[in-house]
Structure formats: C-alpha cells, structure tokens
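Let's work through some exercises together, with the solution written out after each task. Have the sequence and the 3D view open as you go.

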Amino acid sequence: MILPSVTTTSWFFFQYIPFTVSALQQKPLLVHETETATTSTSQWKLNFSSEAPHYFASVYGLLQQWPNTFFPNGHSIVPCEIPAYTKLYHGRMDAELPPSPEWIAFDIGMSYGIMGNTRNSHMLTYQTTRKVKCIYFDGESATLFGTGQLDTQMLHIWGNLTGPGKPEDGFRFLWDEYARAAGLCNWIKDAELGGLGWGYEGIVRMNAGFEMIWCNFTSPSIRLVSHLNVSAPLLQPIRTASIENEMGDVGIEERSKFPLPTRTIPTEPSSSPPQLHLDLDLLMREPFLASGNWGWYVSSTLHYGSSGDGPGIGEFRVKLDTCGFMSYYNPIFESEGLPRMLEEQRVLNLTNEGFWTGPGSDGKRSAALESLTRRRRHHTLKNITTSDAAIMKGNSERIMRDRLADGKGKCSGVDWTAMSNEIVQTYSSPLLKLSKTLENYGNYSNNSSLLRDWMDDVHQQTHMFVMPFLEYPEAANETTWQRDSSLFNKTYSFCRFQHTRLLDSDEGMVLGPEETLLKWAVEEIMGGICSVIVDVGLAVEGFWQSKFNQPSKSTSESPVSRETKVEIKRWANGIQELMAWLGWAGEWIGCDKKCAWDESCFIPMWPLFHRDSGGFDGRPPGNRTRYGYPGGRYPAPPPYFGSPDNGTGHQPGSGFKFRQPSEADLWEPKCVKSNYLSAWASHPFMSFVGTTQFATRRQTAQSIFSE
C-alpha cells in the first residue's frame, strides 16, 4: 500500500501498474475468504474497517438529495456534463448582469426561494447552447456552515481545511464562499482544463437542491433567455405607513413581447460578495414569502432520489462520467483512513481486523447497530495531509484531461451509477423485510401452526435472494446446506460476481485505475451481501427440508428446540449486521405514512429547517464521549444538536456560529404542509441574520450573496 508521502508521480505510476483487488483492502472482508468455517453457527465476520461500503455508497448516492442529506460530508469528485439547451436560473437583488464567478440553480424554485421576495428581485433565465462539461462535488457541498461538507473543495483549492486568511475587515460571512468559487474556477483555468466556451466551465454542488458555480458569464456556452423583475406589490402594513418607492428602481424597461436579451458589456470577475442591503420591515410585508420557501423546498424534493419511500429520480439534468469517479475513500489515502479506522475500532467495539464484537456489557444492541449503520455520517477529512490532497488534485487533473482528449475512449462503458443503484434497489427493501420478519420469531414460537406459517414466509423470502444463483442438488443431507459445502461456494461465486464477471482480464477487459476501484467496491459489497444471504438462504432451506417438508408425525409436536432458537437468532443477527455494515441508512428511513396530497415528506436540508424544532448551535454539548454524538458511546435519543468538531479550530467556511438541523427531524421524517416552513422565520435571509451577531430585527443584513 502506498504511504501518504508518495508523490504525485509515483501515484500516477501506481494507478497504471497491474495490481490485484486484494491489494486495495486493508483486511479480509469476510472470514470465509481466508479460512473456512466448520459449522453454520460461526459468528458473522464483516469488516467494518473496510472502505468498500463507503466507496460504494458514495457512488450510488451521486446526485441524489436524500442520501446526500443523511450523509452530508462528501468525499468524491466526478466529471459531469450538462446537456445542450438545459435551463438554468440566476436570481439577483439588483438589475445588473451577474459578475463572474456566480451561482446558477437548476430549479427556478431554488433561485426564487433565495433571491425572491425583495423590493428589487430579478430572475435571469439562461440556457446552455451546447453540451457543457462540469465537475461535481458530492455530499452537501454547497452548505455554507457545518463540519465536513466543504472539506473536499477546501483541500482541492488550498490543500487544507482552513482556507485563506480573513479579509481586511475581519468579517468572513460569505467571503469564504466567493473565495471558494474563485479558487475552483482559477484552478480549472490554471490547469488548462477549461476556459471561455471550452472544457470544464461549472462546478455542481448541493444544499437544498442542486446549483452550479458558473465560472464566466461571458462564455458562449450559455445564453441569457430572459431577464425579469419578479418583485411583487407589498402587503399593507399592520399600521398605516407611507412607504415610498416600494418597487425600487427596477432598471428594466417594460416589454410587450419576448425578445432575447443582448449583452454588450462583459462582466468583470468578482473577488468578494456584493454589498446588498435588506430591509427586514419590508421583508415582513412580502406577499409570497411562504410560497417562495415552500417552492424551494418542493423543488428539492423532486430530486430526493432513492429513499425509504422507494426509488426516485435524482438531479437528472447533470450527466455523470463515473468512469472518472474519484474519492477520498480510496484506500490509498491512509492519512485519513488509518486514524478513522483506529477511532472506530475504539468507539464502535471493533477488533483490529474490523470485526464487530457486540455492544459491550453496558450497551444496547439496537443502539450499537444504529451507530454502525450511521457511521459514515460523521466522516470528515480533517486528517488528510497536504501531500494526499495534492495526489487527489493531480489525479483529478489527469482524469479530466483524458476526458477532454479522448472523451470516454478509455472507459469500459459501464454505467457504474446505474449498477450501484440496481444493487441497492435489489437488496435494500428485501433485507429490511427479512430482518423485521426474523425479529418477530418470538410471536410464533409457541404455536406449531403459526410457526410453520412464519417459517414458510422466511423460506419464501430467502429463496428469492438465492434463486438466481442456486441449483438444487439431486441428493442432499445436513452438510449440503452448510457454509463450508461445495454448494455454498458455487452459489456464493455466482452471487458475488453477477455484475462484474465479464469485466475480468481473462475476458480481454482492461480497466483503468478508477474503474478498477469501482469494480473492487462492487465486488466487495456483493461479497458481503452474498456471504450472508447465501449462508442464511441455504440454512433456511436445510431447516425447511428437515423440519417442515417431512411427513407430519403429530400436529402437536413442535420443531422448536434450543438449537433451533440459536440458529434462528444467528440468521437475524447476520441480516442486522449486514445492514449495519452496508450503511444504507437513508434507504430504511421514510415517512411512516403516505403523505396527503397537500403534504410532503420532510427532512431538514440546509438552510431550510423548521424554526421551532431547535437545531441551533450553543445547545449543551455533553461530554463528547459518544461517537459522532455528544454524551456517550452510542447515539443519544433525539433531539441531538450540533456536530462533531473537525479538528481545525473552526468550522470550514464559517466565521460565526450557525444553526444546525435537528437530528430528530432528520432521522424521523414527517409529512408536513406548506406552513411548516413559516414565512419569514424560515427565509434564508433569516438564517443568516438570525444569529447572535444579527439578533436585532431591524438591523440590515450585509453581504448577501446572489443565487
């Protein structure tokens, strides 16, 4: 394994020399791959220290709002493309054309939710004129306050998490965000990866919806289609008052038809946020505050993607080139991987090999499994060294140059996002159903008839897991269905390599380094899944054949014995621990009922929180002994406030404390109506000014950025 001090040159060499999949993992994934279990009651050995589950989960969650909200600290960078004639929106609080770089949103609801409802709100609609190349940072990469969400960008620009020095006046606010935008665009330009009308021109990110940093608005790759003043007449004040010039100086002439705007003066690059002012008294009288906030929220839910409510569509207007997928979950980055592994071994009760030893004498199994399942939520890049950041940066430049020169000529053609999503959709819901069924064993164990019905249900479910890979033997005995049998090994092999068998070198396939890692992640995930479901499936089959598929001797005789109870418990434990190892927490969480026609399944997405639910910095921090949570070893009961420290002394991208989502709201989604996001209190400007430094209601907000 390459050490963190390796140079970019040696990393480049490593990427292209032949290597085996086993070299990419620190420890064996499962015991049966290095030693054979002698009985079907062996303890489950899933390697929770492996990067494979996190690497895979990053791929399947790309461009999906739901999984990236539950796991906001992105680790990955992916080349992408925007189709020709895609509509993009830029809201402003003046009549000017945007400077460069600036932000554009894929949904008008997002732009209006941020920049609408002021006395001088303008909506600019653009369309791409050709396919436009972009770069996507996963996670909540456009969340301006928090711990870990911005790490990948900070490392890519500055090689650290602290960023540049403060402005001369010492006030950061949105200065950091403009510094990041300029830094990323300057990197693209300096590395000769893009420019005016060619190469990579935008950076795609997510908070409550998907946006793009557009590097140069004079580019011929986009065209301004319309520029409208969308300010609305104010509501009458509660107390009669004379307000002059309520509509402001709109600066746009009236138009009776739909001409295309022309641009005659190029915009100059901006290095700092515009100095705009907000009158909070007038804001309180805006007529569409509530619908603006709700419209922004609803537009983000259109891109939830896969969730506990089933499959869905993510941000479909961005097309990913996953052949060039890069992630800090690559095992090469030991500067972060090793400290994280040691910390999780300590707080999650893992052995040196990454195997879970149980909740411990003072812990509850359910709480411990929950911590294991959600462990990726608290991963940051606080330990990444400057040299490792340089490796990632150099590697990304190589990949993007390859795409510019050869397109996808060096790629296999596999749609890795589609493959990973197929795996998640195939197994996530059935695993949850089987787990719940096995947990209910105690309700049927004292009645033979009910037990048989329960066992038939289990048998039906496990059969569907193994059916595509299992050939029933002509003759069978007890050993046929055990883990060390030839039937197990054959069935397991068909299961594990079902997606990747044709991608082997013996089939003439030569994969590049990025696709080799993707293949490794898929095979490791399928290895974990298949090891458990084939073991349980064959054990259930043997149990069914020996106990229930025999001539009945007595209707009162029960097949339940102490050994039977132990075996059924082993099945339940195996499925539970597999789900925890996979870590697909968002797939098993959703609203507990179907929302009504005027409701939506709500989770907090920065900066759209329910004001009355809490979730502000400054709550009691606890004793910081609980992994990822204050107060103990396993997750605290809701509500939980705040977030783990990132070790840098301050939160990346923030200059003062800021509100955070309530964990109770996040992990317990609920059906809500539009009034759940109260009109003025949930407005994004209130998110900015509603802090200890901006507590006075009438104080004018400064340095508000445009979206």
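**Exercise 1. Two helices that meet**

Task: find which residues of α4 meet which residues of α8.

Solution. Step 1: on the α4 side, pick out Gly109, Met110, Tyr112, Gly113 and Ile114; they meet Gly292, Asn293, Gly295, Trp296 and Ser299 in α8. Contact here means heavy atoms within 4.5 Å. Helices (H or I, at least four residues) and strands (E, at least two) are DSSP runs, numbered from the N terminus.

A word on the model before step 2: it is predicted, so local features need pLDDT of at least 70 and side-chain atom pairs count only at pLDDT 80 or more, while totals for chains, interfaces and linings use all residues. Residues are numbered from 1 along each chain as its sequence is written, and side-chain values use heavy atoms, with hydrogens and water left out.

Step 2: look at the geometry. Helix α4 (residues 108-115) packs against helix α8 (residues 289-301) at an angle of about 145 degrees, and their axes are 8 Å apart. Axes are lines fitted to C-alpha atoms, for helices over the stretch in contact, and angles run from 0 to 180 degrees between N-to-C directions.

Step 3: zoom in on glycine 295, which is found in helix α8. At 28% relative accessibility, glycine 295 counts as partly exposed. The cut-offs are under 20% relative accessible area for buried, over 50% for exposed, and partly exposed in between (1.4 Å probe, protein chains only). Glycine 295 and glycine 113 are 182 residues apart in sequence, yet their C-alpha atoms are 6.9 Å apart in space.

**Exercise 2. The disulfides**

Task: say how many disulfides the structure holds, and which pattern they follow.

Solution. Step 1: there are 6 disulfides, a disulfide being a pair of cysteine sulfur atoms within 2.5 Å. Step 2: count the bonded cysteines along the chain, and the pattern reads 1-2, 3-4, 5-6, 7-8, 9-11, 10-12.

Task: for three of these links, work out the handedness and the parts of the chain that are tied together.

Solution. Step 1: start with cysteine 323 and cysteine 411, whose sulfur atoms are 2.0 Å apart. With -95 degrees about the S-S bond, this link is left-handed. Cysteine 323 sits in the loop between β10 (319-320) and β11 (326-327) and cysteine 411 in the loop between α11 (386-406) and α12 (416-439), so the disulfide ties together parts that are 88 residues apart in sequence. Cysteine 323 is buried at 7% relative accessible area, and cysteine 411 also counts as buried, at 18%.

Step 2: move on to cysteine 495 and cysteine 530, joined with an S to S distance of 1.9 Å. Their S-S torsion is about -75 degrees, so this disulfide is left-handed. The pair links distant parts of the chain, with cysteine 495 in helix α14 (residues 486-496) and cysteine 530 in helix α15 (residues 513-548), 35 residues apart. Both cysteine 495 and cysteine 530 are buried.

Step 3: finish with cysteine 591 and cysteine 601, S to S 2.1 Å. Here the torsion is about 105 degrees, so the disulfide is right-handed. Cysteine 591 lies in the loop between α16 (562-582) and β12 (600-602), and cysteine 601 in strand β12, so the pair ties together parts 10 residues apart in sequence. Cysteine 591 is buried at 9% relative accessibility, as is cysteine 601 at 8%.

**Exercise 3. Covered helices**

Task: decide how many residues of α15 and of α2 are buried.

Solution. Step 1: in α15, 33 of the 36 residues are buried, so the helix is largely enclosed by the rest of the structure. Step 2: in helix α2 (residues 52-60), 9 of its 9 residues are buried; among them are His54, Tyr55 and Phe56. Step 3: ask what covers α2. Its buried residues pack against α3 (65-70), β1 (76-82), β11, α12, α15 and α16.

**Exercise 4. A loop serine**

Task: is serine 141 buried or exposed?

Solution. Step 1: place serine 141 in the loop between β5 (132-137) and α5 (151-158). Step 2: its relative accessible area is 1%, so serine 141 is buried. Step 3: leaving out residues up to four places away in sequence, serine 141 touches Gln149, Leu150, Gln153, Val204, Arg205 and Met206.
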